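This report goes through selected features of one protein model. The sequence and structure come first, followed by the text.

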Amino acid sequence: MPQIFIETLGCKINQNESSCIIDDFRQSGYTLADTPENADIIIINTCSVTNRADYRSRYLLNKAQKIKSKRPNTKIIVTGCYAQKNEAELSKTGFFDFIVDNNSKNKILEYLTKNKSIFTEATQFDSFADHSMSIMTGRNRAILKIQDGCDFDCAYCIVPSVRGKPRDRSVKSIHCEVTKLLQNGYEEIILSGINLGLFSGLPALLIRLNKYKGIKHIRLGSLEPQLFTPTLLKSILSVSKICPHFHIPLQSGSDALLTLHRRRYTTADFQNLIYSLHQIRLHPAIGLDVIVGLPGETDELFEQTFAFLQSLPITYLHVFTYSKRKGTLAAEMKDQVHGTVAKERSKRLLELSEQKKRQYITLLIEKQIPLFVSPEGYDKGLYHGTSDRYVKAYFSKQNSQIFIAKDYYKDGVEVVGIAPHSRRE
């Protein structure tokens with residue numbers, strides 16, 4: 001049987017799309033190779049959100065070229081945001097059999113069969129590319145893509161130029177994929193999109209998904225703060241299966257920087273949203289994206305961000321160092337921040353994030369907050385999984401106890417307390 005190997009970089013959407021591609025090939029008789037060197041077809045699903053992502057994409061492309069030089073019959077297919085941005089440059093190399101745009105990943109198998117492909121620029125994407133799966137490769141939680149594209153044009157962001165304008169998936173298509181996933185035993189659905197909050201019928205969809213008997217958890221992907229509309233907040237309040245875990249891009253705690261970089265809310269708006277979520281859900285886990293070193297970020301403006309984050313009842317931070325993206329407004333701005341300064345600021349925010357995590361875990365233990373979790377693995381006599389509150393938990397089937405790890409982002413079972421829970425076996 002022919003074998004494929006797929007490398008995936010970047011976001012949850014890329015992870016979803018790679019799983020859909022694998023599903024296509026499986027149904028056509030292909031098997032998964034354990035290494036790229038053993039594959040007949042290598043697919044590289046690239047990312048370009050940062051310079052680091054560009055570097056990793058180029059590394060994988062160079063690695064694939066070396067394999068092809070030794071095994072000329074190996075097919076190399078490149079897709080994803082790095083490929084979308086650099087299609088002309090990659091085509092000139094002659095090493096790659098197909099360069100597939102972001103809206104045509106559902107056609108890769110067809111392109112191989114016909115030995116012919118068409119590349120479309122992101123500005124021309126005019127419909128949601130329907131693509132589904134029945135198995136989420138390597139996961140026991142299923143990422144469900146319901147939206148693509150963004151037109152917010154934040155000053156630092158390259159995403160709109162490589163993902164195109166906003167496009168919704170049809171409710172009928174969503175229903176079909178959910179049905180397949182439930183038939184294969186998935187109990188948690190993670191709703192995702194390039195800009196999830198732009199999905200026009202999100203509140204109604206949540207209410208509809210809540211009625212599926214097989215779904216035990218609905219987890220929301222990252223949502224822009226201004227898209228938590230009153231209607232959406234009302235739906236979150238009424239839909240019992242939504243996890244008490246919210247991930248929200250703040251990016252900066254300085255109103256001056258938010259305005260400069262075309263964000264569509266103020267720190268006051270953001271603070272009100274955080275407290276609203278605490279009213280809707282008891283002790284929710286709230287994670288934030290923050291970018292350090294944005295052009296124009298002075299010491300004073302960074303201290304505003306730090307103080308603002310310190311004051312918020314949040315759980316963790318995803319901290320990113322600003323990466324200059326050619327073609328964005330921020331790349332041409334004055335007052336670029338030196339890398340050494342950005343690194344030091346990042347370190348301080350990561351330390352703050354650790355403090356917030358420890359505080360949240362202590363609260364869960366002291367308040368004896370129930371955790372709901374499905375087993376994802378087994379190690380040292382304990383099952384483990386990511387709970388509805390995004391805390392990694394350890395438990396035994398025999399005594400039905402959940403142990404909350406001291407550091408729930410790393411392996412190890414250093415127990416600091418026990419919380420009552422409900423397991424999903």
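Threonine 305, in a model that is predicted, is in contact with Ser252, Gly253, Ser254 and Val290 once its neighbours within four places in sequence are left aside. This threonine belongs to helix H12, which covers residues 299-311. Threonine 305 is buried, as its relative accessible area is 2%.

Asparagine 14 can be described in the same terms. Its helix is H1, residues 12-27. The relative accessible area of asparagine 14 is 2%, so the residue counts as buried. Apart from neighbours within four places in sequence, the contacts of asparagine 14 are Thr8, Leu9, Asn45, Thr46, Lys105 and Arg163.

Helix H1 leads to the sheet. How many strands form the open sheet, and in what order? There are 5 strands, arranged S2-S1-S3-S4-S5, with parallel pairing. The edges are taken by strand S2 (31-32) and strand S5 (98-99); each has a single partner strand, so one side of each has no neighbour in the sheet. H1 packs on this sheet and touches strand S1 (3-8), S2 and strand S3 (41-46). The direction of H1 makes about 175 degrees with that of S1. Helix H2, residues 51-70, also packs on the sheet, where it touches S1, S3 and S4. Between the directions of H2 and S3 the angle is about 170 degrees.

The strand pairs below all run parallel.

| Strand pair | Bridges | Opposed residues |
|---|---|---|
| S1 and S2 | 2 bridges | glutamine 3 and threonine 31 |
| S1 and S3 | 5 bridges | isoleucine 4 and isoleucine 41 |
| S4 and S5 | 2 bridges | isoleucine 77 and phenylalanine 98 |

S1 is joined to S2 by 2 bridges. In the connection between them, the chain passes from S1 through H1 to S2, a β-α-β crossover that is right-handed. Strands of a sheet pair through backbone hydrogen bonds, in either the parallel or the antiparallel sense.

The cysteines come next. How many disulfides does the structure hold? The number is 0. A disulfide is a covalent bond between the sulfur atoms of two cysteines. For cysteine 81, the closest cysteine sulfur is that of cysteine 47, at 6.1 Å, which is too far for a bond. For cysteine 176, the closest cysteine sulfur is in cysteine 20, and the separation of 13 Å is again too far for a bond. Is cysteine 81 buried or exposed? Cysteine 81 is buried, with a relative accessible area of 13%. Cysteine 176 has a relative accessible area of 41% and is therefore partly exposed.

The last element is helix H13, residues 339-367. Its 29 residues should span 42 Å at 1.5 Å a residue, and its end C-alpha atoms are 42 Å apart, so the expected span and the model agree. The buried residues of H13 include Ala342, Arg345, Ser346, Leu349, Leu352 and Ser353. Further along H13, the buried residues include Lys356, Lys357, Tyr360, Ile361, Leu364 and Ile365. An α-helix has 3.6 residues a turn, so residues three or four places apart point the same way. Glutamine 368, just after H13, has a positive phi of about 50 degrees.

Key:
Residues are numbered from 1 along each chain as its sequence is written. This is a predicted model: local features need pLDDT of at least 70, side-chain atom pairs count only at pLDDT 80 or more; totals for chains, interfaces and linings use all residues. Side-chain values use heavy atoms; hydrogens and water are left out. Helices (H or I, at least four residues) and strands (E, at least two) are DSSP runs, numbered from the N terminus. The expected span of a helix is 1.5 Å times one less than its number of residues. Buried means under 20% relative accessible area, exposed over 50%, partly exposed in between (1.4 Å probe, protein chains only). Contact means heavy atoms within 4.5 Å. Two strands pair if DSSP finds at least two bridges between them. Axes are lines fitted to C-alpha atoms, for helices over the stretch in contact, and angles run from 0 to 180 degrees between N-to-C directions. A disulfide is a pair of cysteine sulfur atoms within 2.5 Å. A crossover is right-handed if, with the strands pointing away from the viewer, the path from the first strand over the helix to the second runs clockwise.
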